[in-house]
Structures are given as C-alpha cells and as structure tokens.
Amino acid sequence: MSVKKAVLSALKSNPGNYISGEELSNSMNVSRTAVWKAISSLRKDGYNINAVTNKGYLLKDGDCTIDADALRNALPARYQNVELHIHDTLDSTNTYAKQLALEGAPHGSIVIAEHQTNGRGRLGRTFFSPRSGLYISIVIKPDFDLSQSVLVTSAAAVAVVNALNTVCSVDAGIKWVNDIYVKGKKVCGILSEGLTNFESGQIDSIIIGIGINTSVDGFPDDLLDIAGAVEGDYSRSALVANVIAETLDLMSSISNRAFMPAYKEKSLVIGKTVTVYNGKYKTSPEEDLPSRQARVLDIDDNGGLVVLYTDGSKEVLTSGEISVRL
Ligand code: BTN
C-alpha cells in the first residue's frame, strides 16, 4: 500500500480524532516528510484534512474526495469556466443534471456525487452506487443533428477509456453499447438521456451519466461476478477532470464520426460470438428469453452492431442487449 493510501486509511479509521504526524510516520515506518507529502496530495484530491500544531491531522466529516478547486485545477484551460455542482449524496446525478438543464444550465455543466441513493442504469435498472465510486453527469447542448444523439454514448465510452488510460494506466475495452470493462469485469456504465423541448419537439439537452467503480468493497456477491473496479494510486480529481475534458472534446466529433475508429479499436465484441436477446430486454440471468447466437462482424457508422446469425442472415442491432464471454 502506498503512503498516501495508508495515511488515508489511518485517518478514516479515526473519525473525529486527530492523529499526529509522528504517530503516522512511526506506524508506517516512513519519514515525516513522506507523511506530509501524502497529506498534501490527498488535499489536492479534494480531501478536507485539518492540520493543527501539536495535535496532527483530522479528516473532516462529509469527506468529499473531489472538491471544486482541485477539480478545476485539473481541468484544461478551455474548460475552466464549466459549472461544477459537487455533492456528497444525490439520488441520481442524472436526475439532478436534468433538473439543472431544465432550469437553463449551460453546455458542459457538471454534476458529481460521491454516493447515489437511486443510481439509475440502462433499461430501467438500478446502478449500485456506494460511496467508493465516482458518479458524474455532463449536460450537453447538442450542436449536431439530433438523429445522431445515439452516438453520444459511444463517444463517451471512448472518452472514459482514454481517461482511464491516461490517468490510471489501465487498458480498458468497450462492450457494446456502453459498458467499460477491465480484465473481464465491468468497471463503468454510461447512461445518456435526452431532454425534449415540448414546444419544438426536439431534444435540447443530453445528459451523459458516467458511473465508475473505484472499489468493489461492499458489493453484493451477485454483482461481484461481473463488476470490477479501477483501483490503484491515482488522483480521483485527475480522473474526473480527464473524463470531463475527453467527453466534451469528443462531442465535436459526433457529426464526422472521428471517434469511431477508436470505438471499434477498443470494442470487445467485434469478431466474437454473442447471444442476442430478442423482443424483450433480459432483466435477470434466470429469465428465459428467446435468444440467438450470432457473430459480430462490425460496428457501423451509426453505432449499430452488425451481426451474422448462424442461419446466414444479417442484422444491424441498434439497441438492446447482447451477452458475450469476455
Ligand atoms: C448502466 O450500466 O446501465 C449505466 C449506468 C450509468 C450510471 C451512471 S452513475 C452517474 C449517472 N447517474 C445515474 O443515476 N446513472 C448514471
């Protein structure tokens, strides 16, 4: 365990109490300078740590790991003015961002929570959102043709893969449509939702919701079969900043599909045999649904999955569910 992680763990296991720098350095067998460096790095990540002479360090309540200043510092200059809404707990960052968008929040507004009480996934599912994860929603005011809004999720998937690579040195892949996998386990899900303007009948905002597992501690056993986490010694603020910047950058490549080669390159399903569930979405592994085996030939320019069934027929799937052994 790194000094930074060990310091954080010591502070967390002493809620409300100060621990002296000496005690920390002795228990970890590292120098006082190393402890001090770990504390300042944790502060940069947004941890609110009090330091009092002759008492030591205390992790303050509501220990948000992302704070606005740390995040803004980590964002590139072109996104310095985005609106940041950082919360400890929300029911769902997407629901909150939708409300902000209805109230006129500008393009690029960001909602972040450390914890969601009603995290939402695709197909009406819940998204398990314990305190250890990262929950981000981004308000997009589309400047592209609305028939292309389905591609927003695919572009966001590429953005997350790029950010995980840059910040966490992790090689992630994309399971169509929008699940991010590392070493065979899902570490991130993406839910994009459109807000329709009733007068014009057009979508005037898209909310991109991104949930990243950064630990699987406390995950129920049934989720542990598929869920993984991006663990390691990286800055959470840097990861969030990178995800935001990559996502906003890629929004300008929706019309020209410039992100598509990267999406395909990171696809975990092209060339694989998958099970396609027809007619109805599969909601639980026990549910017995009509299904067909198919080989994935390609992903087309609209993000559709081009599959070849065993009877030789082809289909382009535009949404729904496939399962595949990864
Ligand atoms: C899925 O895997 O089905 C998509 C999960 C999307 C979860 C994210 S977490 C941030 C945002 N807020 C939500 O309620 N959902 C999305």
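What share of the 326 residues of the protein chain count as buried? In this predicted model, the figure is 49%. That sets the scene for the rest of the chain, starting with its overall build.

The protein chain carries nine helices and 14 strands. Taken along the principal axes, its C-alpha atoms fill a box of roughly 75 × 45 × 30 Å. The radius of gyration is 21 Å, which agrees with the value near 20 Å that a compact globule of 326 residues would have. Turning to contacts, 61% of those with a separation of 6 or more join residues that sit 24 or more positions apart. On the outside, the protein chain exposes about 15,600 Å², and carbon and sulfur atoms supply 47% of that surface.

Next comes the ligand. A shell of 20 residues surrounds it, and the closest are Ser92, Gln116, Arg120, Arg122 and Lys186. Three of these residues can be described atom by atom. Arg120 uses its backbone here: one of its N or O atoms lies 2.7 Å from a nitrogen atom of the ligand. Arg122 also takes part through the backbone, with a polar atom 2.7 Å from an oxygen atom of the ligand. With Lys186 it is the side chain that comes into play, a polar atom of which is 2.5 Å from an oxygen atom of the ligand. How much of the ligand's own surface does the protein bury? Taken alone, the ligand exposes 410 Å², and the protein buries 97% of that.

Which elements give two or more residues to this shell? They are helix α5 (93–102) and the strands β5 (134–140), β8 (185–197) and β9 (202–212). Of the shell, β8 gives the largest share, with four residues. Sorted by class, the shell has 10 polar, six nonpolar and four charged residues.

A few individual positions round out the picture. Thr153 belongs to helix α6, which runs over residues 151–168. Is this threonine buried or exposed? Its relative accessibility is 10%, so Thr153 counts as buried, the cut-off for that class being under 20%. Leaving aside residues up to four places away in sequence, Thr153 touches Asn178, Ile190 and Ser192. Two of those partners, Ile190 and Ser192, have numbers that fall within the span of β8 (185–197), the strand that also gives four residues to the shell around the ligand.

Another threonine, Thr275, sits in strand β10 (residues 273–277). Thr275 is buried too, because its relative accessible area is 15% and the limit is 20%. What does the side chain of Thr275 make a polar contact with? The partner is the side chain of Gln293, at 2.9 Å.

The last position is Ala38, found in helix α3 (residues 32–44). With a relative accessibility of 5%, Ala38 counts as buried. Which residues does Ala38 touch, once those up to four places away in sequence are set aside? They are Val3, Lys4 and Val7. For Val3 the separation can be given both ways: Ala38 and Val3 are 35 residues apart in sequence, yet their C-alpha atoms are 6.4 Å apart in space.

Conventions
Residues numbered from 1 in each chain as written. Predicted model: local features only at pLDDT ≥ 70, side-chain atom pairs only at ≥ 80, totals over all residues. Heavy atoms only, no water. Near = heavy atom within 4 Å. Polar contact = N/O pair within 3.5 Å; in protein donor to acceptor, adjacent residues only side chain to side chain. Areas by Shrake-Rupley, 256 points an atom, 1.4 Å probe, with all protein chains shown as cover. Nonpolar A, V, L, I, M, F, W, Y, C, P; charged D, E, K, R; others polar. Rg over C-alpha atoms; globule rule 2.2 N^0.38 Å. Buried < 20%, exposed > 50% of the residue type's maximum accessible area, 1.4 Å probe, protein only. Contact = heavy atoms within 4.5 Å.
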